[in-house]
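Thank you all for coming. I would like to walk you through a structure that is new to most of us, taking charged side chains as the way in.

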Amino acid sequence: MDKKEEIMQSAIHLFSKKGYAATSVQEIANDCRISKGTLYNFFDSKEDLLIQVIRHNHRKMLEQAENLNLDATLPPKEKLIQKVVVQFDGIRENKDYLSMLLTALPPHDNPKISLLMKRIRITMMNWYKDCFMEAYGSQVEPYIWDLALMFQGTLKEYTSLIFRDHKELDFEDVARFVVERFDTIVQNTTEAEPVLTPLEMKEYEAFQADLEPKSPEQQINQLLEELEKKIKKLALYDEEKEEYAAAVQSLQAEIHEKKPRTFLVKSLLLFLAEIEECQPLVHRIEVFLKTLQTV
């Protein structure tokens, strides 16, 4: 563990035990056996330290989720269950961090903290949305945001019971019970009108998981890079992969033209949406392009 991460771990421990306001920079420095001046070589202030702690830990949790290697033969809903179990495991490994988030953060009238927490909330909603799209496909798309919100809220309450109230619950039992209940909801919601429409959730759909602000051009490029990486990992013939990869590159080139040809952009998106596993990413690209009035 390098010195910067050691400082962040000490801050998490002390913030979770004493609270943010009651913990001084000197106490964190003492806990790391360094001088206050050395700490300020890594962080501009206590607030900066807190912000970097949140960014670092949230990014780490996202990377764990993205790098999760599940058995390709598992049914889609079983994969969803295992993703939830891994999420619980990640939280268990970072109990002090969770405690800090639940009880020790400064008031959310701090604009920097408020914005960061909002970005994290939106990121997690998008992750749950993508999980449901992968598990159920296009049948849940009309009301995907309602499902994602309910799923996130349900897991949040179980998380609170397990880690704050110290309830002895088995992670896999919880994950399986919750997913099976939501499976019942999905099978009986085919004709329901969504509350959270794409228009209502436009900000969430156009949002990117990276916690550092990026320009619209950078966000579009990142989405296209993610799509290209996804295609490379799919079980397709090499010729098919090359065709889809070429489509991504053509799309990127066309989007950055001064006057993108709408028919070509839409045709390329439609072609890429033929890959079921890529549909959530393609949909996000479509929404983001509409937000930018590119298409």
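**Salt bridges, a charged patch and a buried residue**

A search of the whole structure, which I should say is a predicted model, turns up nine salt bridges. Let me take some of them in turn.

In one of these, the side chains of Asp183 and Lys77 meet at 3.2 Å, N to O, and this pair links distant parts of the chain, with Asp183 in helix 9 (residues 171-187) and Lys77 in helix 5 (residues 76-93), 106 residues apart. Lys77 itself counts as partly exposed, at 33% relative accessibility.

Arg176 and Glu78 also meet through their side chains in a salt bridge, at 2.9 Å, N to O, and because Arg176 lies in helix 9 and Glu78 in helix 5, the pair ties together parts that are 98 residues apart in sequence.

Within helix 5 we also find Asp89 and Arg92, three residues apart, about one turn of the helix, and their side chains form a salt bridge at 2.8 Å, N to O. Both are partly exposed, Asp89 at 22% relative accessibility and Arg92 with a relative accessible area of 44%.

Turning to the surface, Asp238, Glu239, Glu240, Glu242 and Glu243 gather there in a patch of negative charge. Asp238 has its place in helix 12 (residues 238-255) and is exposed, because its relative accessible area is 57% and exposed means over 50%.

Is Asn57, in helix 4 (residues 46-66), buried or exposed? Asn57 is buried, with a relative accessible area of 2%, and, leaving aside its neighbours within four places in sequence, Asn57 is in contact with Ile12, Asn94 and Tyr97.

Definitions and conventions. Residues numbered from 1 in each chain as written. Predicted model: local features only at pLDDT ≥ 70, side-chain atom pairs only at ≥ 80, totals over all residues. Heavy atoms only, no water. Patch = residues over 30% accessible without salt bridge, like charges linked within 9 Å, V, L, I, M, F, W, Y side chains within 5 Å. Areas by Shrake-Rupley, 256 points an atom, 1.4 Å probe, with all protein chains shown as cover. Salt bridge = Lys/Arg side-chain N within 4 Å of Asp/Glu carboxyl O. Lys, Arg positive; Asp, Glu negative; His and termini not counted. Charge placed at Lys NZ, Arg CZ, Asp CG, Glu CD. Helix = DSSP H or I, 4+ residues; strand = E, 2+ residues; numbered from the N terminus. Buried < 20%, exposed > 50% of the residue type's maximum accessible area, 1.4 Å probe, protein only. Contact = heavy atoms within 4.5 Å.
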